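Me: Could you take a close look at one part of this structure with me? I'd like to understand the sheet and what sits against it.

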Amino acid sequence: MARIKPQALLLQSKKKKGPTRMSVTTIITFNLIVVLIVLSLYATYRHWYQRPNKQSESGLSTYEDLDAFGNRKRSDVPSFAILNTSKGSITVELNREASPETVDKFLNFCEKGYFKGMHFHRVIKNYVIQGGDAKHGAAEDWTLKGKSLSQLATSPKHEAFMFGTSKAKRDSDHFELFITTAPIPDLRDKLIVFGRVVKGEDVVQEIEEVDTDEHYRPKSPIGIIGVELTHQT
């Protein structure tokens with residue numbers, strides 16, 4: 001058996017212990033992965049950091065979280081709307097179960113500032129106060145026309161201080177507001193009730209008592225200054 005010389009053994013040892021060189025492609029790929037991870041973390045940080053600022057600038061809570069079908073997540077839907085009027089504040093508890101589509105439409109209009117500056121253009125004592133399009137519907141269509149309330153069945157849905165909108169006008173460009181001031185069962189065919197006044201009943205009554213002309217229009221303007229959305233009062 002041939003004897004290996006010491007110099008040959010030394011060379012073999014150096015070859016085994018020497019570091020393995022990385023290819024240029026591997027180094028570039030590794031650097032790209034690191035850069036992508038850093039950019040992803042930075043984008044996530046900016047998203048969550050700026051979100052509260054955007055909500056505070058708008059003056060309203062932001063409810064843009066959607067499910068897989070593009071609908072609002074139930075937990076993100078506010079439960080109350082505060083109507084700040086020229087007579088005072090009216091707090092309405094929203095009932096999404098009554099009409100989910102109507103509540104979502106109302107919330108979208110609130111976030112767009114649609115109700116800011118809207119007037120209550122029709123006030124019928126012991127009946128309803130109405131805000132929205134003054135050209136929609138004649139006042140005679142909203143009177144009881146001699147019907148006796150005692151002869152009609154009532155339900156909690158149609159008590160006083162209920163909050164709703166007209167069934168007759170469902171286009172996407174307009175939204176009317178109605179607040180009942182007495183139990184009105186015959187409105188079940190005309191209104192979509194989706195809320196109830198829980199604070200500010202005295203404000204509703206004050207609006208109800210204003211002087212009106214023969215067409216039930218207030219002689220002095222009564223308007224909505226703005227609407228606030230909240231999860232609790």
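Reply: Let's start with one pair of residues: Thr85 has Ile224 in E8 as its bridge partner. That pairing belongs to strand E1 (residues 80–85), which is joined to E8 by 6 bridges, the two running antiparallel. Keep in mind that this is a predicted model.

Now zoom out to the whole sheet. It's an open one of 8 strands, in the order E3-E4-E6-E5-E7-E2-E1-E8, with antiparallel pairing. Strand E3 (120–124) and strand E8 (224–230) each have a single partner strand, so they stand at the edges with one side lacking a neighbour in the sheet. On average, neighbouring strands here are turned by 25° against each other, ignoring direction.

What lies across these strands? Helix H4 (residues 201–208) does, crossing E1, E2, E3, E4, E6 and E7, and running at about 120° to E2.

There's a charged link here too: Glu206 makes a salt bridge with Lys87, with the closest N and O atoms 4.0 Å apart. Glu206 is in helix H4 and Lys87 in the loop between E1 and E2, so this pair links parts of the chain 119 residues apart. Glu206 counts as partly exposed because its relative accessibility is 40%, and Lys87 is also partly exposed, at 33%.

Just past the helix, have a look at Glu209: this residue forms a salt bridge with Lys125, the closest N and O atoms being 3.3 Å apart. Here Lys125 is in the loop between E3 and E4, while Glu209 is in the loop between H4 and E8, 84 residues apart. Lys125 is partly exposed at 49%, and Glu209 is partly exposed at 46%.

Definitions and conventions
Residues are numbered from 1 along each chain as its sequence is written. This is a predicted model: local features need pLDDT of at least 70, side-chain atom pairs count only at pLDDT 80 or more; totals for chains, interfaces and linings use all residues. Side-chain values use heavy atoms; hydrogens and water are left out. Two strands pair if DSSP finds at least two bridges between them. Helices (H or I, at least four residues) and strands (E, at least two) are DSSP runs, numbered from the N terminus. Axes are lines fitted to C-alpha atoms, for helices over the stretch in contact, and angles run from 0 to 180 degrees between N-to-C directions. Contact means heavy atoms within 4.5 Å. A salt bridge is a side-chain nitrogen of Lys or Arg within 4 Å of a carboxyl oxygen of Asp or Glu. Buried means under 20% relative accessible area, exposed over 50%, partly exposed in between (1.4 Å probe, protein chains only).
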